[in-house]
Amino acid sequence: MDGPSLPAALGAVIRRDLLLAMRRKSDVLTTLFFFIIVVSLFPLGVGPEMAMLRQIAPGVLWVAALLATMLSLNRLFAADHADGTLEQMALSAVPLGVLVTGKVIAHWLLSGLPLALLAPVLGLQFDLAAGSLAVLVVSLLIGTPVLSLIGAVGAALTLGVRGGGVLVSLLVLPLYVPVLIFGAGAVEADLTGLGATAHLSLLAAFLALAAFFGPWATTVALRIALE
Amino acid sequence: MLEASNLECVRGEKSLFRDLSFRLEAGACLMVQGANGSGKTSLLRMLCGLAQPAQGEIRWGGEPIRKLAEDYRGELLYCGHAGAVKDDLTALENAQISATLAGAPVDEASARQALRQLGLKGREDLPARVLSAGQRRRVALSRLLLEKRRLWVLDEPLTALDKAAVTTLCGVIDAHLATGGMAVLTSHQDLPLAADRIAHLRLD
């Protein structure tokens, strides 16, 4: 028997999740507004001390991105689990890992990518220079897929568990720490004139590692959750 | 063919059934009966590979289904209690997308044709949210017509269906069996099937 086309299936899952998100825009917009508001609260709270703002900017933006991603993790698999779609995915002739990868990519397109694109605008409130803003965007572009990949494992492990939302934070936030350190570190290094290349390379290494193990671990966790 | 040997199902500390064996040849249908909580759905989920039996083994064409993995899933169609119908998508999108996710993409014309055959003419472009329970069930069952699979595992397929839809569904199952397909199903209602090779399995 001819196997199903894997790239076509991957594309179909991504298109499906984007279509579903377009039909229910509030979910995506909640994440974005959360990010915008949390980041904007800091300049208001700290006051117009430019040096201070510049110093806290990388940390604030990255922590806000982390929390915004956490907010969106719960709905990654929950709806599909509730209506039986996840069961059908597990029984598909397409390997579950491919479908899961598609869902994670769609999650990133709907959470990580918009966050990275919004970040430079929000970074202006912190008086960051153009060069640092560019480093911030690059670090978020490399770092947020790692957040989606690790988060998917947590979301799959807590699937169907009562109070899964809190549990997923406890489970996933510690794993986000390295990404936070090197993501925010990249921007800090650029601000102090050290150059961000080393931090960005390490972030990219995390991404490679997470891209390799993430979908596999998520698939195993989902099969356990379905049993 | 599908073969189960000495299956045991344990829920908590209770054994729901044990030493359950059967064979299902091409063109045959197995009707699983039993009271609520007797393990019908558990058995069906085992046959799909969604759950593992505490004891025993399930084989497809002589090979254990665990080993066959995707090769077995490519022959299998499972329709469970949850219909996998998305509220925010139209009936047509639901039919096409579930076929694509199953690894067997279909074009729009055949998806429309399948929905029409199940009595959803004129409802194809409505979001599933506004459909009735029976209509949503029909959307879920459109997969039977769209995905060419040899083994159908149907858990209470008649739920929420009206008389006309039951007749249509029985016709679809009969046609499937006549062309050498296999079916395992549970139902609390009588299924007026014309096929003569129907085995019954009682779980108590």
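**A bent helix, a shared core and a chain contact**

In this predicted model, helix H3 of chain A bends by about 45 degrees at A:Ile56. A proline, A:Pro58, follows within four residues of that point. What does the end-to-end span of H3(A) look like, given its residue count? The helix runs over residues 50-73, and at 1.5 Å a residue its 24 residues should span 34 Å; the end C-alpha atoms turn out to be 34 Å apart, so the two values agree.

H3(A) also holds A:Leu61, a residue that turns up again in the largest nonpolar core. That core counts 133 residues, and those touching the most other members are A:Leu61, A:Ala65, A:Ala156, B:Ala95, B:Val153, B:Ala183 and B:Val184. Helix H8 of chain A, residues 130-157, gives the core its largest share, with 14 residues. In soluble globular proteins, nonpolar side chains tend to be buried together. Setting aside neighbours within four places in sequence, A:Leu61 is in contact with A:Val39, A:Ala119, A:Leu122, A:Gly123 and A:Leu136.

Next comes the contact between the chains. Here 25 residues of chain A meet 24 residues of chain B. On the chain A side, the elements that give two or more residues are helix H1 (6-23) and helix H5 (85-90), and H1(A) supplies the largest share, 7 residues. Sorted by class, this side of chain A has 15 nonpolar, 4 polar and 6 charged residues.

A:Ala106 sits in helix H6 of chain A, residues 96-110. Is this residue buried or exposed? A:Ala106 has 21 C-beta neighbours inside 10 Å, and therefore counts as buried. Leaving out neighbours within four places in sequence, its contacts are A:Val13, A:Ile14, A:Asp17 and A:Leu18. A:Phe213, by comparison, lies 107 residues from A:Ala106 in sequence and 18 Å from it in space, C-alpha to C-alpha.

Over in chain B, helix H5 covers residues 108-117, and its buried residues are B:Ala111, B:Arg112, B:Ala114 and B:Leu115. These four span an arc of only 160 degrees around the axis, which means they are on the same side of H5(B). As for what covers them, the list includes helix H4 (91-101) and helix H6 (133-146) of chain B. After H5(B) comes B:Gly119, with a positive phi near 80 degrees.

Terms used:
Residues numbered from 1 in each chain as written. Chains lettered and ligands numbered in written order. Predicted model: local features only at pLDDT ≥ 70, side-chain atom pairs only at ≥ 80, totals over all residues. Contact = placed C-beta atoms within 7 Å. Nonpolar A, V, L, I, M, F, W, Y, C, P; charged D, E, K, R; others polar. Core = buried A, V, L, I, M, F, W, Y, C linked by C-beta atoms within 7 Å. Buried ≥ 20, exposed ≤ 12 C-beta atoms within 10 Å, placed from the backbone. Expected span 1.5 Å × (residues − 1). Bend = angle between axes of the 7 residues up to and from the residue. Arc of directions from axis to C-beta.
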